[in-house]
Amino acid sequence: ARYHRLRGDKVKLVSGFDGAGYEPDKIYITSLFTYAWEPVHEAIRYYRAKYPKARLTVGGIYATLCPERLREEFGNSISIRRGTSPELDSLRPDYSLVPDWDASIVFATRGCVRSCPFCSVKLLEPKFTALKSIRRLVHPKHRRIIFWDNNILASTNWRDIFAELAELQKPVDFN
């Protein structure tokens, strides 16, 4: 949302099957784990039928790991966004879309230094990257911070990050 608002776009978060209240020209659908593919397909069918002129993009874990399944089911009627985006990761999320939410979700790292054979992180986030600071990603009004890192202690900057956390004095969840 922040990315598009910075470009002057109107943004609305819609959860489930609901009308946007206007005719969108772009729709983004996120996908979670591969076993939860059915609701993603339902959402694609619903929004593709409701807004046939809109460009529909599907991203997230399922879209990254199983793009061939999406392509098989929906052909070229959707765009598939695989992986993560450093440009988007550099922006603090637009929490105005969820005004009752009280936690900043942060990735201090992407990827993992290990290549465990059972893990999909190397496919989702193939390159290990680490931020030097997370301060700009923390919303000043949020009461807590949630890290979604795969392996924050692999970062050479973890001490700096933890020092910032001590200064911020907010509860931290390493999820």
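## Strand pairing, cores and cysteines

In strand 3 of this predicted model, Ser79 is the bridge partner of Thr57. Local features of the predicted model need pLDDT of at least 70 and side-chain atom pairs count only at pLDDT 80 or more, whereas totals for chains, interfaces and linings use all residues. Residues are numbered from 1 along each chain as its sequence is written, and side-chain values use heavy atoms, with hydrogens and water left out.

Helices (H or I, at least four residues) and strands (E, at least two) are DSSP runs numbered from the N terminus, and two strands count as paired if DSSP finds at least two bridges between them. Strand 2 (residues 55–60) runs parallel to strand 1 (residues 26–31), to which six bridges join it. Within this pairing, Ile27 stands opposite Leu56, and Thr30 stands opposite Gly59. Between these two strands the chain passes through helix 2 (residues 37–50), in a β-α-β crossover that is right-handed, a term that applies if, with the strands pointing away from the viewer, the path from the first strand over the helix to the second runs clockwise. Strand 2 is also joined to strand 3 (residues 79–81) by three bridges, and these two strands run parallel.

Burial follows the relative accessible area: buried means under 20%, exposed over 50%, and partly exposed in between (1.4 Å probe, protein chains only). Along strand 1 the side chains alternate, with Ile27, Ile29 and Ser31 buried on one face, while Lys26, Tyr28 and Thr30 point to the other and are not buried.

A nonpolar core is a set of buried Ala, Val, Leu, Ile, Met, Phe, Trp, Tyr and Cys residues joined through side-chain atoms within 4.5 Å. The largest such core has 16 residues, and those with the most contacts inside it are Ile27, Ile29, Ile44, Leu56, Val58, Leu70 and Ile78. Two or more residues each come from strand 1, helix 2, strand 2, helix 3 (61–65) and helix 4 (67–74), and helix 2 gives the most, with four residues. Apart from this core lies another, of ten residues, among them Ala108, Leu137, Ile145 and Leu165.

In helix 4, Pro67, Leu70 and Phe74 are buried. Seen down the axis of helix 4, its buried residues fall within an arc of 60°, so they line one face of the helix; the arc is that of the directions from the helix axis to the C-beta atoms. On the other side of helix 4, Glu68 and Glu72 are exposed. The buried residues pack against helix 2, strand 2, helix 3 and strand 3. Leu70 has contacts (heavy atoms within 4.5 Å) that include His41, Tyr62, Ala63 and Ile80, not counting residues up to four places away in sequence. Just after helix 4, Gly75 takes a positive phi of about 55°.

A search of the whole structure finds zero disulfides, a disulfide being a pair of cysteine sulfur atoms within 2.5 Å. Two cysteines are listed here.

| Cysteine | Nearest cysteine sulfur | Relative accessible area |
|---|---|---|
| Cys66 | Cys119, 15 Å | 18%, buried |
| Cys116 | Cys119, 6.1 Å | 27%, partly exposed |
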